[in-house]
Amino acid sequence: MGKVAVSVENLEKYFSPVTSGWRALLQPMAKPTVPALRGVSLDVKPGEVLALVGANGAGKSTLLRILTTLLLPTRGRAEVCGFDVAREPARVRRQLGYHTGADACLYARLSGRENLELFAGLNNMSRTDTLLRIAELTGLLGLKALLDRQVRTLSTGNIHRLGLARALLHKPSVLILDEPTRSLDPLAAAEFRRFLLQRIIAELGATVLFASHTLAEVEQLAGRIAVLDKGRLLICGTLSGVKAAAGEETLESSLEVLAGRPADHTS
Amino acid sequence: MAALFRRDLAVARSYRAAFFLELFETLFAAAGFYFLSRFIESPQLERALPQGTTYFSFALVGLAFFDYLSVALRAFDEGLRDARQNGTLEHLLVTQTSLPVILAGSILYPFVLLSLRTAIYLGWGAALFGFPLGGANWLGAFLVLAASILAFSGLGVLSASYLLVFKRGSPMNWALVGISSVVSGMMYPVSVLPVWLQRVARLVPVTYALEGMRSALLGHAGLRDLWPSLAALLIFAAILLPFSFVTFSWALRRTKITGTLTHF
C-alpha cells in the first residue's frame, strides 16, 4: 500500500428526485439533480481509523457506497489503494472488506462456516487458504464454538462478529464499516467495539473507515473524524482538533456548532 | 460458480421435507396427467403426433421441458430478489466476483434441480405409464437441452435487467411464458394452431426446444434430423446472449448512478 489508503478528491454525487404516480415509471431515466455529496475531499492513511459523522442524509453512506463500488460518483475522483473506484472497480474490491450494521447480512439458513466458505469462494480464495483463514479469524473473534450453527440461531452480536470475520477473510487493505453497531444493544455494541479496537485495529493494524451516529464509538475508535453536513465536508481532523475548531468541549456540541446549530449547554 | 451452487444446495437441504416432497410431486403430476390423457381422443391430434407416439408421451415431454423457460426467466429474478431480501446483495457485490457471474452461479442450482426433476418425471412415466425411453437419442437430447438453456438464459438476463431497473417482476416474463405456453406446442402439436399462430410459434425459442426434444426422445432422430431445431436455438442464443449482456451492463451502470442497485 502507498502513502494513502483511501483518497477522495472533489467527490460529488447527485441522485434523481423521487417521483410518484406515472412519473415514477421514468424515475430510472430521470436526471440526477438532488445533491448527496458536494465537493468532498479527504485522505485516509494506511493503519489509520477515520470516522464519518453527521446527521441522517449528510452523505456518509453515499461516500462509503462509492468507495465500495456500489455507486458511481457524478463527478470527482475516489481511489482505494491507488485504484479508481469508477474505472477499476474489480481491483478496488480486492482491497476492501465491507460490513454494515444491518440486521440481516448473512444467509440465515446456512451455518457460519458455510457463509464464510461461500464468501471466501467469491473472493477467489483457495480451499486451503479458506480453511486456515476461517480457523484464524474465528479464533481471533471468539466464534469457533458457534461456527457450525445456523446463523438464524445466533445472537445479533455474534452475527455481526461473523460479518466482521467475513469482511476480513481475504485480508483486505481497507475495512469499511457502515454503522456497524446500529442494530446491537448497548452491551453487545460495547463488546463489538472492544473486539474491533483490540483485535482488528490494534493486533491487525487495519485501515478502517467507518460511519457512525454513536459519538462514544467515534471517540473510542477513531484517530481522525470527518464531519459531513448536507453532503459537504465541514472538517476532517483529530478529536481534539475538531473540538478546538468548534470551540467546544464535547464532540456532540462541536458537531452542533460546526453544522451551524447553536450548541445546547443546558444538560 | 461452485460456491454459489453449494450455497443453494445447502439452503435447499436446510428445508429437508420440502426438498424431498418436491421430487415426489412429480409422481403425482405424471400420474394425474396419464389418466387425463386417456380421455383425450381426437383423430386430428393423432394425425399430428409423431408416428408411434401417445398423447401422454408427447405432452409429458412438453410439460417437463417447458419448465426450462420458466426457470431461466425466474431464476435470475429470484437470485436477485433473494439476495436483496436477506441483506446479502451488497456483500455479494463487494466480493471479487462480478454480478453477471453471481447471477450465472445463481441459476446453476435451479437448472440442476429442474434436470433432476425432469429425469424423475420421465422415469415415473417410463416405469409406471409406458413412456418409451428405449431408443431415445440421449446425446441429441443433451445438445438440444444445452442449446435451449443458452437461448433461454438470454431471455433470463433480459428479464434480470428489467428487474434491476424497475424492481418489480418483469412483464416480459408473463408475456413470454403466456405466449409460449399457447403457441410453442407444449400440450398440443403446433400444426393444430391457426396459420397465423403457427407463424408466431416460429418466433419463440421454446417451439424449437420442444420439437428437438421430442424428436430426440420420442422420434429417435439422429443428429442430422435434429440440426434444424439445434440451429434455430443457437441462432436465438447468438442474438439474445450478447444483446442481453449489453442490456444488463447498461442496467447495472444505471442503477449504480441512480443509487437503486440494492433497492427493492
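This is a short tour of a predicted model, going from chain A to one of its helices and then to the contact with chain B.

**Before you click anything**

The model scores ipTM 0.86 and pTM 0.82. Colour chain B by pLDDT if you like: its mean is 84, and 96% of its residues reach 70 or more. Keep one habit while you look around: where pLDDT is low, the predicted coordinates should not be read in detail.

**Stop 1: all of chain A**

Select chain A and show it as a cartoon. You should find nine helices and ten strands. The radius of gyration is 19 Å, close to the 18 Å that the globule rule gives for 267 residues, so chain A is as compact as a globular protein of that length. Its C-alpha trace spans about 50 × 50 × 40 Å along the principal axes. Of the 267 residues in the chain, 45% count as buried. If you draw the contacts in chain A between residues at least 6 apart in sequence, 67% of them join residues at least 24 apart.

**Stop 2: helix 4 of chain A**

Now select residues 127-140 of chain A, which make up helix 4. Try a distance between the end C-alpha atoms: they are 20 Å apart, which agrees with the 20 Å that 14 residues should span at 1.5 Å a residue.

Next, show side chains for T130(A), I134(A), L137(A) and T138(A), the buried residues here. Turn the view to look down the axis of helix 4: these buried residues fall within an arc of 95 degrees, so they line one face of the helix. The spacing is familiar: an α-helix has 3.6 residues a turn, so residues three or four places apart point the same way.

What covers that buried side? Add helix 3 (112-122) and helix 5 (156-168) of chain A, which are included in the cover. Then flip to the face turned away from the buried side, where T128(A), L132(A), A135(A) and G139(A) are exposed.

Before leaving, pick G142(A), which follows helix 4 and has a positive phi, near 65 degrees.

**Stop 3: where chain B meets chain A**

Bring chain B back and select the contact: 27 residues come from chain B and 29 residues from chain A. On the chain B side, the elements giving two or more residues are helix 1 (2-14), helix 5 (89-93), helix 7 (138-166) and helix 11 (223-258). Which of them gives the most? Helix 1 of chain B does, with six residues. Finally, colour the chain B side by class, and you get eleven nonpolar, twelve polar and four charged residues.

Conventions: Residues are numbered from 1 along each chain as its sequence is written. Chains are lettered from A and ligands numbered from 1 in the order in which they are written. This is a predicted model: local features need pLDDT of at least 70, side-chain atom pairs count only at pLDDT 80 or more; totals for chains, interfaces and linings use all residues. Helices (H or I, at least four residues) and strands (E, at least two) are DSSP runs, numbered from the N terminus. The expected span of a helix is 1.5 Å times one less than its number of residues. A residue is buried if 20 or more other C-beta atoms lie within 10 Å of its own, exposed if 12 or fewer, and partly exposed in between; C-beta atoms are placed from the backbone. The arc is that of the directions from the helix axis to the C-beta atoms. Two residues are in contact if their C-beta atoms, placed from the backbone, lie within 7 Å. pLDDT is the predictor's confidence in each residue, from 0 to 100. The radius of gyration is taken over C-alpha atoms; the globule rule is 2.2 Å times the number of residues to the power 0.38. Ala, Val, Leu, Ile, Met, Phe, Trp, Tyr, Cys and Pro count as nonpolar, Asp, Glu, Lys and Arg as charged, and the others, Gly among them, as polar.
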